[in-house]
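Q: Please take a close look at the interior of this chain, and set it beside the chain as a whole. I would like the individual residues described with care, and each term explained where it comes up.

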Amino acid sequence: MTVRVRFAPSPTGHLHVGGCRTALYNWLFARHNGGVFVLRSDDTDLERNAPEYQQDILDGLAWLGLDWDEGLVVGGPHGSYRQSERFARYRQVAADMVAAGHAYHDGATAEQLEEIRRSAALRSESPVYDGRHRLEPEEAERRLTAGDPPPIRFSVPRPGATGFEDEVRAEVVFDHSNVDDFIILRGDGTPTYHLASTVDDVDYGITHVIRGEDILSSTPKHLLLTEALGAPPPRYAHLSLLNGPDGKKLSKRHGHTALRAFREAGFLPQAMVNFLAILGWSPGEDREIVSLDEMVALFDLGAVSRNPAVFDVAKLEWMNGVYLRGMTATDFAEATRPLVEADLDRSLTETEAASLESILPHVQERARLLDEVPAQVRFLFGQEVELDQASWDEVMAGPGARESLAAGRSALVDAEWTAEGIEGALRAMLESTGLSAKRGLQPLRVAITGSKVSPPLFESIAVLHRETVLGRLDRASGLLA
């Protein structure tokens, strides 16, 4: 048997990091087993679908490096892989199920369904719809002929139960007393998620369905539909949901949840893939940094935890820093130069590009995100520097600021203009003035780079022209006067 898995997002919003993890686990499982990864679009919600969301999904998966073997864009033996173009197939399946006695046209009104829910609540029971308002064939036909088609519901066998062995959660059993006779085709002819998803899984030969545990309660419905279609059931694996650091379900209150926000913030795809992979799965030996090739070799659904995983942005930032420091100097420069030029809204001159390349190794040692780089190197460009007000207020209000600027300027006038020469001159200044490194050097850092957060001071000064540095110190002294 060739393993066939699928990722089936709805283009009704930006690609969520939880969906990214689901896609990654499907992709890893397929690649580990030499199988097929299918990308389809569950776009039956015609009112909420948007082309920009579909493109966001495609771009996000491509950025993560998750290619697919069949589906959107690349094609395959099953047409467009868009549910919105398969409505005729779903309607035919629903009609066939009615004819075979697996489903029926239902006449329940909204008021009748509400009464069922209310009565069940009074008895502290599950408000399960059991088909009590199903239409006789003659009445169903009359409504169809009159242009008032009723919805079609699947007839859940009662009494009974549906169970399966989940690859993550072990044995799961649902008693049919807790399973509705669920709608598979609405009165307007549109399929529900249950019908469309199951028919696609059967038609596309999906062998393993790996998805979030929020869909777990739908699985007995999908298994019953699969049985009615006369097809073998796939294996299921329901992944725990992602929580925020506070232990609650990940949501916007924890910050960004869309992948695009992390892309725009300067995270590397390799770091994001690594981070997502270990949210519920471990490569063993308490390892956290693992390459994509290693993930493919080691991935095992049986090693996926059923406990919720914590999406901790602080840990993701740490991991991103590890990957940034693992880049070659050339790759880091190529990744950051466009960001710097975008920040300046112009291209760098050859001289500026050389200055940037000389300071970037020192930035790379400390960076967590690519988008941190432009602010840290902005001081390189132009005679004057933009002063960060918070840094100025904190550092320049302290004792010794004026003395530091004056003594530092004197020390730099005749210093050898290398990082080593500058360091020697300034440390001699500290010794002669009795200023601590913090009180003696931080005012210089703010005056020269504009912020108390910058690349190493001596290297930063050495990259600039002596006249530029002295001019910035004079400006800062004048502002303090």
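A: The answer below begins with the whole chain, goes on to the core, and ends with single residues in helices and loops.

This is a predicted model, in which local features need a pLDDT of at least 70 and side-chain atom pairs count only at pLDDT 80 or more, while totals for chains, interfaces and linings use all residues. Numbering runs from 1 along each chain as its sequence is written, and side-chain values use heavy atoms, with hydrogens and water left out.

The protein chain has 20 helices and twelve strands; helices (H or I, at least four residues) and strands (E, at least two) are DSSP runs numbered from the N terminus. Its radius of gyration is 31 Å, whereas a compact globule of 481 residues would have a value near 23 Å; the radius is taken over C-alpha atoms, and the globule rule is 2.2 Å times the number of residues to the power 0.38. Along the principal axes, the C-alpha atoms fill a box of roughly 100 × 50 × 40 Å. Of the 481 residues, 49% count as buried, where buried means under 20% relative accessible area, exposed over 50%, and partly exposed in between (1.4 Å probe, protein chains only). Among contacts (heavy atoms within 4.5 Å) between residues at least 6 apart in sequence, 76% join residues at least 24 apart.

The largest nonpolar core has 131 residues; such a core is a set of buried Ala, Val, Leu, Ile, Met, Phe, Trp, Tyr and Cys residues joined through side-chain atoms within 4.5 Å. The members that touch the most others are Leu-61, Ile-184, Phe-311, Val-377, Met-396, Leu-426 and Leu-444. Helix H1, residues 17-32, gives the most to this core, with nine residues. If residues up to four places away in sequence are not counted, Met-396 touches Ser-391, Ala-401, Leu-405, Pro-443, Val-446, Ala-447 and Leu-480.

Two further buried residues can be followed through their neighbours. Val-304 is found in the loop between H10 and strand E12 (309-310), and it is classed as buried because its relative accessible area is 7%. Leaving aside residues up to four places away in sequence, Val-304 touches Tyr-25, Val-168, Leu-239, Gly-280, Trp-281 and Phe-299. The C-alpha atoms of Val-304 and Tyr-193 are separated by 26 Å, with their positions 111 residues apart along the chain.

Ala-419 lies in helix H17, which covers residues 419-433, and its relative accessibility is 17%, so it counts as buried. With residues up to four places away again not counted, Ala-419 touches Phe-458, Glu-459 and Ala-462. Its C-alpha atom is separated by 84 Å from that of Ala-100, 319 residues apart along the chain.

Gln-270, in helix H9 (residues 269-277), offers a contrast to these buried positions, because a relative accessibility of 46% makes it partly exposed. Although Gln-270 and Leu-292 are 22 residues apart along the chain, their C-alpha atoms are separated by 7.8 Å.

The backbone deserves a look at three loop positions. Most residues other than glycine have a negative phi, and most peptide bonds are trans. Val-73, in the loop between strand E3 (70-71) and helix H3 (87-100), has a positive phi near 70°, and it is classed as exposed because its relative accessible area is 72%. Asp-286 also has a positive phi, about 60°, although it is not a glycine; it lies in the loop between H9 and helix H10 (292-298), and with 78% relative accessibility it counts as exposed. The peptide bond from Arg-158 to Pro-159 is cis, with omega near -10°, and Pro-159 lies in the loop between strand E5 (152-154) and strand E6 (161-166).
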